[in-house]
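Here are my notes for someone opening this entry for the first time. Please read them with the structure on screen.

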Amino acid sequence: VTRVPMRVAEGLRVGYVMGTGDGGFEALRQIGVAVELLSPEHVRAEDFSRFSAIVVGVRAYETRPDLVAANARLLEFARAGGTVIVQYQQYQYPAGDFAPYPVAISRPHDRVTDETAQVRVLDTAAPVFTTPNRITADDFAGWVHERGLYFLSSWHERFTALLEMADPGEAPLRGSLLVTPVGAGLYAYTGLAFFRQFPAGVPGAYRLFANVVSLDPASWNRYIQQQSEGAR
């Protein structure tokens with residue numbers, strides 16, 4: 001049993017599209033989120049509007065033809081004010097243009113296999129690191145197996161990269177966690193190996209995942225506006 005001090009956004013309602021199998025759905029349920037597992041029938045028929053966020057599971061674009069068929073509606077959900085979180089996908093993801101803006105994954109894919117590799121938060125003021133849980137270096141301690149895989153190797157300028165990390169002796173990578181506004185909502189891609197951390201009960205992974213799922217478009221847009229004004 002792992003006791004994790006943490007919070008999630010109030011009133012959060014999440015739809016979960018399971019891929020090849022990961023612990024994200026159960027992790028959200030355990031931390032008190034109202035989460036619903038979406039079957040292929042649900043995805044084909046769902047307008048998603050009753051959810052505040054949709055989480056796409058590991059490699060779902062490879063294994064869920066219903067998700068592929070519904071991707072345009074998923075992006076419309078984001079444009080209408082929802083939050084979409086996509087966990088790591090393989091090469092079908094950039095090839096299918098499923099993201100709202102162009103992205104790429106290199107061959108071989110970018111990953112960080114050293115679970116103790118230093119993680120640098122690129123901006124501690126970004127909402128994903130402040131709300132509802134304050135994320136610090138301690139939250140990246142105790143990770144197991146790896147930091148992540150299938151990082152984005154390039155992305156449209158509207159995406160904001162949030163973390164930097166690297167295996168020893170290799171160039172730093174920034175494609176592990178990215179967020180972009182989409183219309184009135186948000187879209188996030190993460191290659192962080194949450195699916196390995198959840199069964200191991202890694203507290204920081206739960207806390208960071210809670211923040212990602214709790215992302216609020218209005219707060220993110222204020223943050224981006226502040227960044228833009230500060231750069232002038």
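Is Arg50 buried, partly exposed or exposed? Arg50 counts as partly exposed, because its relative accessibility is 39% and the partly exposed class lies between 20% and 50%. The model is a predicted one, and the points below should be read with that in mind.

1. Arg50 and its partner. Arg50 forms a salt bridge with Glu36, and the closest N and O atoms are 2.9 Å apart. The two residues sit 14 residues apart, in distant parts of the chain: Glu36 belongs to strand β2 (residues 34-37), while Arg50 lies in the loop between α2 (40-45) and β3. The pair is also part of a network of salt bridges that links Arg13, Glu36, Glu46 and Arg50.

2. Other salt bridges. The structure holds twelve salt bridges. One of them joins Glu62 to Arg59, with 2.8 Å between the closest N and O atoms. Glu62 is partly exposed, since its relative accessible area is 33%, and Arg59 counts as partly exposed at 23%. Asp66 and Arg64 also meet through their side chains in a salt bridge, at 2.8 Å from N to O. Here Asp66 counts as buried because its relative accessibility is 3%, and Arg64 is buried at 10%; the cut-off for buried is under 20%. As background, side chains of opposite charge can pair when their charged atoms come close.

3. The sheet. Seven strands form an open sheet with mixed pairing, in the order β2-β1-β3-β4-β13-β12-β10. Its edge strands are β2 and β10, each of which pairs on one side only. The next two points take a strand from each part of this order.

4. Strand β3. Which strands pair with β3 in the parallel sense? Strand β1 (residues 13-17) does so over four bridges, and strand β4 (residues 83-87) runs parallel to β3 and is joined to it by four bridges. On the β1 side, Val14 has Ala53 as its bridge partner in β3, and Val17 stands opposite Val56. On the β4 side, Val55 is partnered by Ile85. Strand β3 (residues 53-56) is covered on both faces: Ala53 and Val55 are buried on one side, and Ile54 and Val56 are buried on the other. In a regular strand the side chains alternate between the two faces of the sheet.

5. Strand β12. Strand β12 (residues 177-182) is largely enclosed by the rest of the structure, because six of its six residues are buried. Leu177, Val179 and Pro181 lie on one side, with Leu178, Thr180 and Val182 on the other. Its pairing is antiparallel with both partners: two bridges connect β12 to strand β10 (residues 160-161), and six connect β12 to strand β13 (residues 185-190). Leu178 stands opposite Ala161 in β10 and opposite Tyr189 in β13. β12 and β13 form a hairpin with two residues between them, and Gly183 in the turn has a positive phi of about 60°.

6. Helix α7. How many residues of α7 are buried? Ten of the eleven are, so the helix is largely enclosed by the rest of the structure. The buried residues include Arg207 and Asn211 as well as Leu208, Phe209 and Val213. Among the elements that cover them are β1, β3, β4 and β12, together with the helices α1 (24-30) and α6 (194-200).

7. The nonpolar cores. The largest nonpolar core has 44 residues, of which Val14, Leu28, Phe129, Leu163, Leu208 and Val213 touch the most other members. Helix α7 (residues 203-213) gives the most to this core, with six residues. Apart from this core lies another, of 37 residues, including Val17, Leu38, Phe51 and Ala99. In soluble globular proteins, nonpolar side chains tend to be buried together.

8. A residue to start from. Leu28 is a useful place to look at the larger core. Neighbours within four places in sequence left aside, Leu28 is in contact with Val14, Tyr16, Val33, Val35, Val55, Phe209 and Val213. Of these contacts, Val55 is a buried residue of β3, while Phe209 and Val213 are buried residues of α7.

Key. Residues are numbered from 1 along each chain as its sequence is written. This is a predicted model: local features need pLDDT of at least 70, side-chain atom pairs count only at pLDDT 80 or more; totals for chains, interfaces and linings use all residues. Side-chain values use heavy atoms; hydrogens and water are left out. A nonpolar core is a set of buried Ala, Val, Leu, Ile, Met, Phe, Trp, Tyr and Cys residues joined through side-chain atoms within 4.5 Å. Buried means under 20% relative accessible area, exposed over 50%, partly exposed in between (1.4 Å probe, protein chains only). Contact means heavy atoms within 4.5 Å. Two strands pair if DSSP finds at least two bridges between them. A salt bridge is a side-chain nitrogen of Lys or Arg within 4 Å of a carboxyl oxygen of Asp or Glu.
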